[in-house]
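Here is a short report on a protein and its ligands. It takes the binding sites in turn and then the sheet.

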Amino acid sequence: MIRFESVTKRYPDGTTAVDDLSFEVAEGELVTLVGPSGCGKTTTMKMVNRLIDPTSGRIFVEGRDIATTDPVRLRRRIGYVIQQTGLFPHRTVLDNTATVPHLLGRPRKQSRDRAAELLERVGLDPAVHGPRYPEQLSGGERQRVGVARALAADPPVLLMDEPFGAVDPVVRDRLQKEFLRLQATLHKTVLLVTHDIEEAIRLGDRIAVYGQGRIEQYDTPASVLGAP
Ligand code: ADP
Ligand code: ADP
């Protein structure tokens, strides 16, 4: 579903963020990218939806070389969830969630119905939370809206950058559980960045353990735990 072939990313200042990286993510697989800050996880992720282009190497999504795929078409196939959810502050939660279906051409009423359905899926009450503005939500609730919005176009691929990083441990635990339940029904192909090895192990079907610009280990949670 996602394939990296010898991908290197060097930033203009000479920093090699990703160094000759090759790996594959199967359809419906949840892969966690874990490692200390600055080892290239976010750079890896941003190359998948072409927020950043590699210096060399090739990346395939759904069998297509993304260098020759229309970025707009590509991004419709990929939902993106970030820690600072990027919600529009002056739009209600429902409108934030309905924007994508509407942009994709659904009529307003249908987009709003779809948004309400998505909010329910992530554990929010559309009647209660839908009319609120993002600042009127707790951190955990905002993250849920971020997930709902990323699911709005029903993309087969989800990129999640520290999606549960900004909330306290109790909320994080609940969001992780809910996300696992959701993923069990959605079967998205997921790349999830975290610096928390426990989160990586808990959520990942496979774990990519990063060192500087490289994946040092790519394996199941059991093998990563069992490693010396
Ligand atoms: P991580 O997500 O693991 O924290 P990043 O992918 O954000 O790591 O960064 C990897 C390396 O690339 C770091 O050394 C970082 O400082 C550098 N880097 C990231 N973005 C840029 C940029 N726009 N210009 C120059 N260097 C960058
Ligand atoms: P948390 O403990 O997760 O940080 P908060 O204390 O921020 O949660 O919020 C607790 C509850 O109050 C949440 O359900 C949130 O939606 C609601 N809430 C927070 N701020 C506002 C607000 N300005 N208006 C209405 N409801 C709010």
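How many Å separate an oxygen atom of ligand 1 from an N or O atom in the side chain of T43? The distance is 2.5 Å.

The model is predicted: local features need pLDDT of at least 70, side-chain atom pairs count only at pLDDT 80 or more, and totals for chains, interfaces and linings use all residues. Residues are numbered from 1 along each chain as its sequence is written, chains are lettered from A and ligands numbered from 1 in the order in which they are written, and side-chain values use heavy atoms, with hydrogens and water left out.

**Ligand 1.** The shell holds Y11, D13, T15, A17, P36, S37, G38, C39, G40, K41, T42 and T43; a residue counts if one of its heavy atoms lies within 4 Å. By class, four are nonpolar, six polar and two charged. Here Ala, Val, Leu, Ile, Met, Phe, Trp, Tyr, Cys and Pro are nonpolar, Asp, Glu, Lys and Arg charged, and the others, Gly among them, polar. Helix α1 (residues 41-48) supplies the largest share of this shell, three residues. Helices (H or I, at least four residues) and strands (E, at least two) are DSSP runs, numbered from the N terminus.

The table lists polar contacts of both ligands, that is, pairs of N or O atoms within 3.5 Å.

| Ligand atom | Protein partner | Distance |
|---|---|---|
| Ligand 1, oxygen | G38, polar backbone atom | 2.7 Å |
| Ligand 1, oxygen | K41, side-chain N or O | 2.9 Å |
| Ligand 2, oxygen | R132, side-chain N or O | 2.5 Å |
| Ligand 2, nitrogen | Q136, backbone N or O | 3.3 Å |
| Ligand 2, oxygen | S138, side-chain N or O | 3.3 Å |

**Ligand 2.** R132, Q136, L137, S138 and E141 surround ligand 2. One is nonpolar, two are polar and two are charged.

**The sheet.** Six strands form an open sheet with mixed pairing, in the order β6-β7-β8-β3-β9-β10. Strands pair if DSSP finds at least two bridges between them. β6 (78-82) and β10 (214-219) are the edges; each has a single partner strand, so one side of each lacks a neighbour in the sheet. Inside the sheet, β3 (residues 30-34) and β9 (residues 206-211) run parallel, joined by four bridges. V34 has V209 in β9 as its bridge partner.

Helix α1 packs on the sheet and touches β3, β6, β7 (157-161), β8 (189-194) and β9; contact means heavy atoms within 4.5 Å. Its direction makes about 150° with that of β8. Helix α6 (residues 139-150) also packs there, touching β6 and β7, at about 165° to the direction of β6. Axes are lines fitted to C-alpha atoms, for helices over the stretch in contact, and angles run from 0 to 180 degrees between N-to-C directions.

Key. A polar contact is a pair of N or O atoms within 3.5 Å; within protein, one must be able to donate a hydrogen and the other to accept it, and residues adjacent in sequence count only if both atoms are side-chain atoms.
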